[in-house]
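Work through the exercises below with the model open. Each task is followed by a solution in steps.

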Amino acid sequence: MAKQRMSNSSNEQKAEQLAFDIRRSILLASYLQHWGQPLNRSISMKEGSLLGVEVYEFPAQNDGVHRFATIGVSCQTLDSGSSANWELLFCLPPGLGGADATSVVDYQLDIMAYSLRAEVDMKVGTLIPVSTLAPNTWTTKALLVDEARGEAEEMYFHSIGRKRVELLWLVPLTSSEYDLVKSKGVDAFDRLEAESHVSLLDVNRDGIV
């Protein structure tokens, strides 16, 4: 009987690993198609789990955007017991606002862990308060969760089996921008951002308010 249980457990682990490998293949193929060859990959493993979260770094191409994108968040289980259905994207300027890639990856993984909390409703429009975990060189230490605007439309969602995985753009905000979105909504922020001609890629901006 013990041998049978071990066999069943082994089969489940193999099935989970295969599902993750398929997910990686689909997402990475899409990332490569639109962003080119990644510069680095970082892997974070949760204790007791076989399925980690990978962060891929894509250096700036002709569009001048340096990207960090996850694969594996959508394999994680939320503290509430349900399953995550998103991956996370940072779009940054060349030079990363004076930060190093390691601090950006660490911050993205911290956000990933935060997004899995039972009390967090991770979706477009969600605000993440100012955090000391943001890179020290950035003036934008809060975040707005948005759809992957600026990317090709087919990047917004990926269908993996029966699951629809959303690519969520993490937009760094100053504390005053955070307060504006919290009090007046995303539309008010979007209007001011369009009028200001400030780039949201600039993580060292003074803020549009």
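**Exercise 1.** In this predicted model, find which backbone oxygen the side chain of Thr140 reaches, and determine whether Thr140 is buried or exposed.

*Solution.*
1. The side chain of Thr140 reaches the backbone oxygen of Val203, at 2.8 Å.
2. A pair of N or O atoms has to lie within 3.5 Å to be a polar contact, and the distance here is 2.8 Å.
3. Thr140 sits in the loop that runs between strand S5 (127-128) and strand S6 (142-147).
4. Residues up to four places away in sequence are set aside; Thr140 then touches Pro172, Leu173, Thr174, Asp202, Val203 and Arg205.
5. The relative accessible area of Thr140 is 0%. Buried means under 20%, so Thr140 is buried.

**Exercise 2.** Locate the buried residues of helix H3 and state what covers them.

*Solution.*
1. Helix H3 spans residues 175-184. Its buried residues are Glu177, Tyr178, Leu180 and Val181.
2. These residues cover an arc of only 160° around the axis, and are therefore on the same side of H3.
3. The general reason is that an α-helix has 3.6 residues a turn, so residues three or four places apart point the same way.
4. The exposed residues Lys182 and Ser183 are carried by the face of H3 turned away from the buried side.
5. The cover over the buried residues of H3 includes S5, S6, strand S8 (163-173) and H4.

**Exercise 3.** Describe how H3 and helix H4 (residues 186-196) are arranged, and which residues meet.

*Solution.*
1. Gly185 follows H3 and has a positive phi, near 95°.
2. The axes of H3 and H4 come within 7 Å and cross at roughly 135°.
3. Angles of 65 to 115 degrees count as roughly perpendicular and those over 145 as roughly antiparallel; H3 and H4 are therefore oblique to each other.
4. From H3, Glu177, Leu180, Val181 and Lys184 take part in the contact; from H4, Val186, Ala188, Phe189 and Leu192 do.
5. By class, the residues of this contact are 6 nonpolar, no polar and 2 charged.

**Exercise 4.** Which residues is Leu201 in contact with, leaving aside its neighbours within four places in sequence?

*Solution.*
1. Leu201 belongs to the segment after H4.
2. With those neighbours left aside, Leu201 is in contact with Gly64, Val65, Cys91, Leu92 and Pro93.
3. As a distance check, the C-alpha atoms of Leu201 and His66 are separated by 9.2 Å, while the two residues are 135 residues apart along the chain.

Technical notes: Residues are numbered from 1 along each chain as its sequence is written. This is a predicted model: local features need pLDDT of at least 70, side-chain atom pairs count only at pLDDT 80 or more; totals for chains, interfaces and linings use all residues. Side-chain values use heavy atoms; hydrogens and water are left out. Axes are lines fitted to C-alpha atoms, for helices over the stretch in contact, and angles run from 0 to 180 degrees between N-to-C directions. Helices (H or I, at least four residues) and strands (E, at least two) are DSSP runs, numbered from the N terminus. Angles under 35 degrees count as roughly parallel, over 145 as roughly antiparallel, 65 to 115 as roughly perpendicular and the rest as oblique. Contact means heavy atoms within 4.5 Å. Ala, Val, Leu, Ile, Met, Phe, Trp, Tyr, Cys and Pro count as nonpolar, Asp, Glu, Lys and Arg as charged, and the others, Gly among them, as polar. Buried means under 20% relative accessible area, exposed over 50%, partly exposed in between (1.4 Å probe, protein chains only). A polar contact is a pair of N or O atoms within 3.5 Å; within protein, one must be able to donate a hydrogen and the other to accept it, and residues adjacent in sequence count only if both atoms are side-chain atoms. The arc is that of the directions from the helix axis to the C-beta atoms.
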